[in-house]
Amino acid sequence: VPPKVLPLIFLSGVLVRTQFPRRQRVRFYKTILQGTILAPFKPVRFRDAFVGDIVTSLVRPIVDVVFTVTYYGAAVYGFCSRKYDLNETGY
């Protein structure tokens, strides 16, 4: 396996785990995010305000994550379609 492909393989595992959490966590995430998103339309609990504050503070790191996922998608697309090599992506 070429050394430049290993980070793509490791990042693939991380992306899969974040998009498809275990069954125990699905209910937890649903409860937390539902309460935070619906906060303007219902009484706000401490948990909702706390999670909202954390999400507000994570705006800059989320921009970096979006860039990483976009770069990952471009590198995997170019590698799988053989249109360009990983050296040409700047990777």
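**Pocket lining and a salt-bridge network in the predicted model**

Helix 2 supplies six residues to the lining of the largest pocket, the largest share of that lining. The structure is a predicted model, and the values reported here were computed from its atoms. The largest pocket has a volume of about 360 Å³. A total of 13 residues line this pocket, and those closest to its centre are T18, P21, R25, F28 and Y29. Three elements each give two or more residues to the lining, namely helix 1 (6-19), helix 2 (23-37) and helix 3 (46-57). By residue class, the lining of the largest pocket comprises eight nonpolar, two polar and three charged residues.

Electrostatic pairing was examined next. Two salt bridges were found in a search of the whole structure. In one salt bridge, the side chain of D48 meets that of K42, with an N to O distance of 3.2 Å. In another, the side chain of D48 meets that of R47, with an N to O distance of 3.7 Å. Through shared partners, these salt bridges join K42, R47 and D48 into one network.

The members of this network were then considered in terms of solvent accessibility. D48 has a relative accessibility of 3% and counts as buried, because this value lies under the 20% cut-off. K42, in contrast, counts as partly exposed at 30% relative accessibility. R47 is also partly exposed, its relative accessible area being 28%. The values for K42 and R47 place both residues in the partly exposed class, because that class lies between the 20% and 50% limits. The network thus joins a buried carboxylate residue, D48, to the partly exposed residues K42 and R47.

The surroundings of D48 were also examined. D48 is found in helix 3, one of the elements that give two or more residues to the lining of the largest pocket. When residues up to four places away in sequence are not counted, D48 touches G35, T36, K42 and P43. Among these contacts, K42 is also a salt-bridge partner of D48. Taken together, D48 is a buried residue of helix 3 that takes part in salt bridges with K42 and R47.

Methods
Residues are numbered from 1 along each chain as its sequence is written. This is a predicted model: local features need pLDDT of at least 70, side-chain atom pairs count only at pLDDT 80 or more; totals for chains, interfaces and linings use all residues. Side-chain values use heavy atoms; hydrogens and water are left out. On a 1 Å grid over the protein atoms alone, a cavity is a set of points where a 1.4 Å probe fits but cannot get out, and a pocket is an open set with protein on both sides within 12 Å along at least five of seven lines; lining residues have an atom within 4 Å of a point. Grid points are joined across faces, edges and corners, and a volume is the space filled by probe spheres set on the points. Helices (H or I, at least four residues) and strands (E, at least two) are DSSP runs, numbered from the N terminus. Ala, Val, Leu, Ile, Met, Phe, Trp, Tyr, Cys and Pro count as nonpolar, Asp, Glu, Lys and Arg as charged, and the others, Gly among them, as polar. A salt bridge is a side-chain nitrogen of Lys or Arg within 4 Å of a carboxyl oxygen of Asp or Glu. Buried means under 20% relative accessible area, exposed over 50%, partly exposed in between (1.4 Å probe, protein chains only). Contact means heavy atoms within 4.5 Å.
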